Amino acid sequence: MTHRGLVRLAVPGVILAGSLVASLAIYYGLLGSAWVEVVAAGTADMASRTLNLLGASTTANGTTLYSSGFAVSVVAECTALGPLVLFTGAVAAYPSSWRDKGVGVALGLVVLNAINVLRIVSLFWIGSAFPEYLDVAHLIVWQTALVLSAIILWLWWAERVARARRD
Amino acid sequence: MLGGTRLSTFAFRAAVSLLIVSVLWVGLADDYNRAVVAVAGPLTPAKVTLSVLGQFIVFDAPDIGPLVSLRGFALHYGLVLVAVLVLAAVGLGVVSRVVWLAILGAAGFASHVAGVALLAWGVVWAGGRGTDAWSVVYNVYAVFWGLVPAAIGGFWCFAFWLPRVTPPRERPTGGEGSANQASTAP
């Protein structure tokens with residue numbers, strides 16, 4: 001393999017690595033900001049509405065979601081912000097048109113937020129009914145599931161972009 | 001890239017692997033915490049005493065500030081994530097999976113030891129400096145446990161897994177500027 005060939009293969013990896021590092025820095029910069037509080041409150045509100053649609057009786061007050069017997073505080077790590085920032089970095093790094101990148105980011109915003117609301121709803125139910133399983137469900141299962149969802153979504157989006165390029 | 005069938009297979013395998021690995025991990029978590037603390041202990045400042053209390057890793061620095069603890073599961077999720085990715089990835093052989101599990105597991109353990117030791121140094125640094133310093137420590141830690149494993153897992157998929165299962169002509173290469181250029185391998 002020629003030097004040029006090695007460079008052409010390595011460049012996408014370097015670009016992705018750089019984009020992911022930049023995403024980590026952006027996420028760090030967002031932590032503690034007022035904007036994150038708005039996102040967290042919005043997440044609590046959406047989760048409360050969803051729970052109430054399913055028959056529960058919950059209230060969202062700022063970033064706190066509570067019922068008569070259980071309450072949770074939605075912090076920055078409980079939003080889809082982290083995985084979404086990384087997902088956006090991966091979308092930005094993949095060779096594609098600006099339109100495709102915009103579609104990808106919008107897709108991530110909708111899908112990852114929906115999955116995250118599902119996460120909060122299920123954790124609220126687990127915390128109410130089976131509190132002994134809450135830590136595992138919260139920190140191991142759902143944290144991993146949310147990141148896996150972001151990876152799978154990116155793979156699906158990249159596949160669509162690559163297929164459109166071939167056609 | 002993967003194609004619809006292999007992507008669906010990967011997603012299904014990932015869901016099943018996640019449930020199995022999570023259940024198995026619950027039985028190993030406390031021992032893992034003890035191993036991390038045993039190795040990280042000598043790397044921490046003398047003012048901080050590390051200990052394990054159930055799933056919590058406790059940083060006791062009475063001369064500096066309040067007791068700090070972190071949930072071990074918050075660290076462990078990174079190991080679970082990379083294990084699930086390796087187990088679920090289509091197109092890899094058994095030997096390749098075992099090798100990657102060993103490499104990523106060892107790297108994960110090393111990063112957890114380093115992270116716990118650095119957090120102990122962060123506790124010493126932040127003690128007596130006010131809430132802004134504590135915010136820096138906690139936010140750096142939040143990025144470390146929350147997103148670094150995700151970034152590593154995603155990079156592994158892109159740099160090591162996908163090239164194995166993607167035909168050369170479909171791989172993205174350097175020099176592409178827009179979607180209208182076909183990706184070609186040299």
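# Notebook: chains A and B of a predicted model

**Entry 1. Chain A as a whole.** I counted 5 helices and 3 strands in chain A. I note at the outset that the model is predicted. Reading from the N terminus on, I recorded the order of elements in chain A as α-α-β-β-β-α-α-α. I then looked up the extent of the C-alpha trace of chain A, which spans about 65 × 35 × 30 Å along its principal axes. Chain A has 167 residues, and 48% of them count as buried. For the surface I noted that chain A exposes about 8,000 Å², with 68% of it supplied by carbon and sulfur atoms. I also looked up how contacts in chain A are distributed along the sequence. Among those with a separation of 6 or more, 68% are accounted for by residues 24 or more positions apart.

**Entry 2. Helix α3 of chain A.** I turned to α3(A), which covers residues 81–93 and has 13 residues. From its first C-alpha to its last, α3(A) reaches 18 Å, close to the 18 Å expected at 1.5 Å a residue. I recorded α3(A) as mostly covered, since 11 of its 13 residues are buried. The buried residues that I listed for α3(A) include L81(A), G82(A), P83(A), L84(A), V85(A), L86(A) and F87(A). Further along α3(A), the buried residues include G89(A), A90(A), V91(A) and A93(A).

**Entry 3. Helix α5 of chain A.** How far apart are the end C-alpha atoms of α5(A)? I found 46 Å for this helix of 33 residues, which runs over residues 134–166. At 1.5 Å a residue α5(A) should span 48 Å, so the value found agrees with the expected one. I noted a bend of about 30° in α5(A) at W142(A). As to cover, 24 of the 33 residues of α5(A) are buried, and I recorded the helix as mostly covered.

**Entry 4. Chain B as a whole.** In chain B I counted 5 helices and 3 strands. Along the sequence, chain B follows the pattern α-β-β-β-α-α-α-α. Chain B has 186 residues, of which 49% count as buried. I looked up its accessible surface, which comes to about 8,500 Å², and 67% of this belongs to carbon and sulfur atoms. Of the contacts in chain B with a separation of 6 or more, 60% are accounted for by residues 24 or more positions apart.

**Entry 5. N33 of chain B.** I located N33(B) in helix α1 of chain B, which covers residues 4–40. Is N33(B) buried or exposed? Its relative accessibility is 1%, so N33(B) counts as buried. Leaving aside neighbours within four places in sequence, I listed its contacts as V52(B), G54(B), Q55(B), I57(B), G72(B) and H76(B).

**Entry 6. H112 and W121 of chain B.** I found H112(B) in helix α3 of chain B, residues 94–126. H112(B) has a relative accessible area of 5% and is therefore buried. Not counting residues up to four places away in sequence, H112(B) touches Y32(B), V36(B), L75(B), H76(B) and L79(B). H76(B) is also among the contacts I had listed for N33(B).

W121(B) lies in helix α3 of chain B as well. Its relative accessible area is 46%, so I recorded W121(B) as partly exposed. With residues up to four places away in sequence not counted, W121(B) touches L43(B), T44(B) and P45(B). I looked up the pair W121(B) and P45(B) in particular: they are 76 residues apart in sequence, yet 6.3 Å apart in space, C-alpha to C-alpha.

**Entry 7. Helices α2 and α4 of chain B.** Two packed helices are described by the angle between their axes and the distance between the axes. I therefore looked up both values for α2(B), residues 72–88, and α4(B), residues 131–146: the angle is about 40° and the axes are 8 Å apart. On the α2(B) side I listed A74(B), L75(B) and Y77(B), which meet Y141(B), F144(B), W145(B) and G146(B) in α4(B). By class, I recorded 6 nonpolar residues, 1 polar residue and no charged residues in this contact.

For α4(B) itself, the end C-alpha atoms are 21 Å apart. Its 16 residues should span 22 Å at 1.5 Å a residue, so the two values agree. I listed the buried residues of α4(B) as A133(B), W134(B), V137(B), N139(B), Y141(B), A142(B), V143(B), W145(B) and G146(B).

Methods:
Residues numbered from 1 in each chain as written. Chains lettered and ligands numbered in written order. Predicted model: local features only at pLDDT ≥ 70, side-chain atom pairs only at ≥ 80, totals over all residues. Heavy atoms only, no water. Axes fitted to C-alpha atoms, helices over the stretch in contact; angles between N-to-C directions. Helix = DSSP H or I, 4+ residues; strand = E, 2+ residues; numbered from the N terminus. Contact = heavy atoms within 4.5 Å. Nonpolar A, V, L, I, M, F, W, Y, C, P; charged D, E, K, R; others polar. Expected span 1.5 Å × (residues − 1). Bend = angle between axes of the 7 residues up to and from the residue. Buried < 20%, exposed > 50% of the residue type's maximum accessible area, 1.4 Å probe, protein only. Areas by Shrake-Rupley, 256 points an atom, 1.4 Å probe, with all protein chains shown as cover.
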